[in-house]
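Colleague: I have a model open on my screen and would love your help with one part of it. Could you take me through that part slowly, after a quick word on the whole?

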Amino acid sequence: MAKVYKKTSGNESIALYLGKRDFVDHVESVDIVDGVIKVDPAELEGRKVWVYLACAFRYGSDDLDVIGLSFRKDIWVKRIQIYPVVGTRPANTPMQEALLKKCGDQGHPFTFTVISLSLALSISRFKPFIKDKCFLPLQSCGVDYEVKAYIAKEADDPDEKISKKDTCRLIIRKIQFAPGKVGAGPKADISKNFMMSDKPVHLEASIEKELYFHGDPIPVNVKINNETTKVVKKIKITVEQTTEVLLYQSDKYSKTVLTEEFAEEIKGESTLEKTFTVIPLLSNNKEKRGLAVDGRLKDEDTNLASTTIIRPGMDKGMQGIMVSYKIKVNLLVSSGGLLGGLTAR
C-alpha cells in the first residue's frame with residue numbers, strides 16, 4: 001500500500017485510517033469501504049466510539065449554518081460501534097491488515113457494504129444560478145461521501161452534543177466505471193422547408209456508441225441532403241450538460257460545455273456526408289458557473305460530471321443530482337437556420 005490517509009481527533013483519542021479514498025461503482029456492485037480506527041481508551045470517560053459512512057446532498061457551506069438552517073441533507077447513513085467491540089465482524093481485508101500493522105493493538109477494523117445501487121456518484125463544484133430573483137446558495141453544491149469517527153454515549157442521540165474535538169473525518173469519493181457492454185449510439189434526423197422553396201434540407205446526425213470515456217474523441221456523423229437552392233454556410237456542433245437537482249427543489253440547469261463551428265459549404269441541390277470530431281473537456285470550461293463535475297478531493301483535477309446511469313428500479317430521489325449530456329448539430333443556412341439534436345452519455 002503506497003499511501004495511507006489519516007485523520008486524528010482534536011483530543012487525539014481516536015484516529016481514522018483509510019488505504020484509499022476512491023470507491024468504485026461497477027454498475028452491478030460497489031466496492032466496500034474498509035478502514036481502521038485507532039482508539040486510546042484513556043480519554044473516553046465511559047463513552048463509546050462509533051464510525052459512520054454517510055452520503056449527503058450538500059447545497060451550502062457549514063459556515064452558513066448560523067441561523068439554525070441546515071444546508072446538508074443525509075441521503076443514506078450507516079453506523080458501526082467500534083469500541084467497545086460488540087458482535088462479530090467480517091474477516092479483515094488485505095488493506096485492513098496493512099493498516100493494523102501501523103496502528104498496533106489499539107487498531108479496530110470496520111467495513112461498510114453499500115447495498116443500495118441507487119446512491120449517487122460524488123459530484124461537486126456545482127453552483128446554481130440566481131433564478132427568479134430568489135437567491136440560491138452559491139457555495140459548492142453537490143453530493144459527497146464522508147467517513148466519520150466520533151466519541152459519544154449513543155450512536156445517534158439528537159440531545160447529545162458531540163464536540164468537534166471528539167471527531168475525525170475523511171471525505172471519500174464514489175466514482176463510476178463504465179459498463180463493459182456499450183450499446184449502439186443514438187441517431188436523429190430533421191427536415192426543414194424554407195420560404196420560397198418547395199423542397200427541404202435534410203439533416204441526419206449520429207454517433208457510433210452511446211457511451212464515451214472522459215477525454216475520448218467523439219466522432220459525430222453528419223449527413224446533409226440540400227434539395228433547396230439555398231447554401232449551407234456552416235455546421236455548428238454543441239454539447240450540453242443538463243443537471244437535475246432532485247432534493248431541495250425539482251430543477252434543471254443546462255450549460256454548454258463545447259461549441260465548435262466547421263466551415264463546410266453545401267450548395268443547393270447537393271449532399272454532404274462527413275464525420276466531425278469533438279472533445280468536451282473541463283479544462284475548457286473552468287470559468288463557467290453552473291457546471292457539475294466529478295467529486296474532488298482537495299485541489300485535485302477532475303472531469304465533467306459523469307452521466308447518471310439509470311438502472312431498472314432505481315430510486316431517483318436517492319441520487320440528489322442527476323447528470324446527462326446532449327449533442328446538437330445546427331446548420332447555418334443562408335437566410336435561415338436548421339437545428340437537429342441527438343443525446344449521448
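Colleague: Before we zoom in, what share of the contacts in the protein with a separation of 6 or more comes from residues 24 or more positions apart? After that, please look closely at the sheet ordered 1-2-4-7.

Modeller: Happy to! Keep in mind that this is a predicted model. Of the contacts with a separation of 6 or more, 67% are between residues 24 or more positions apart. The protein has 345 residues, and 46% of them are buried. Its accessible surface is about 18,100 Å², with 48% of that belonging to carbon and sulfur atoms. In terms of elements, there are 19 strands and 1 helix.

Now to your sheet. It is an open one, built from 4 strands in the order 1-2-4-7, with antiparallel pairing. Strand 1 (5–8) and strand 7 (107–112) each have a single partner strand and stand at the edges, so one side of each is left without a neighbour in the sheet. On average, and ignoring direction, neighbouring strands here are turned by 20° against each other.

Let's follow one edge inwards. Strand 1 runs antiparallel to strand 2 (residues 14–18), and 4 bridges join the two. If you want a spot to find on screen, go to Thr8, whose bridge partner in strand 2 is Ala15.

Finally, the helix. Helix 1, residues 94–103, packs on this sheet and touches strand 2, strand 4 (33–39) and strand 7. The direction of helix 1 makes about 15° with that of strand 4.

Note on methods: Residues numbered from 1 in each chain as written. Predicted model: local features only at pLDDT ≥ 70, side-chain atom pairs only at ≥ 80, totals over all residues. Heavy atoms only, no water. Pairing = 2+ DSSP bridges. Axes fitted to C-alpha atoms, helices over the stretch in contact; angles between N-to-C directions. Contact = heavy atoms within 4.5 Å. Buried < 20%, exposed > 50% of the residue type's maximum accessible area, 1.4 Å probe, protein only. Areas by Shrake-Rupley, 256 points an atom, 1.4 Å probe, with all protein chains shown as cover.
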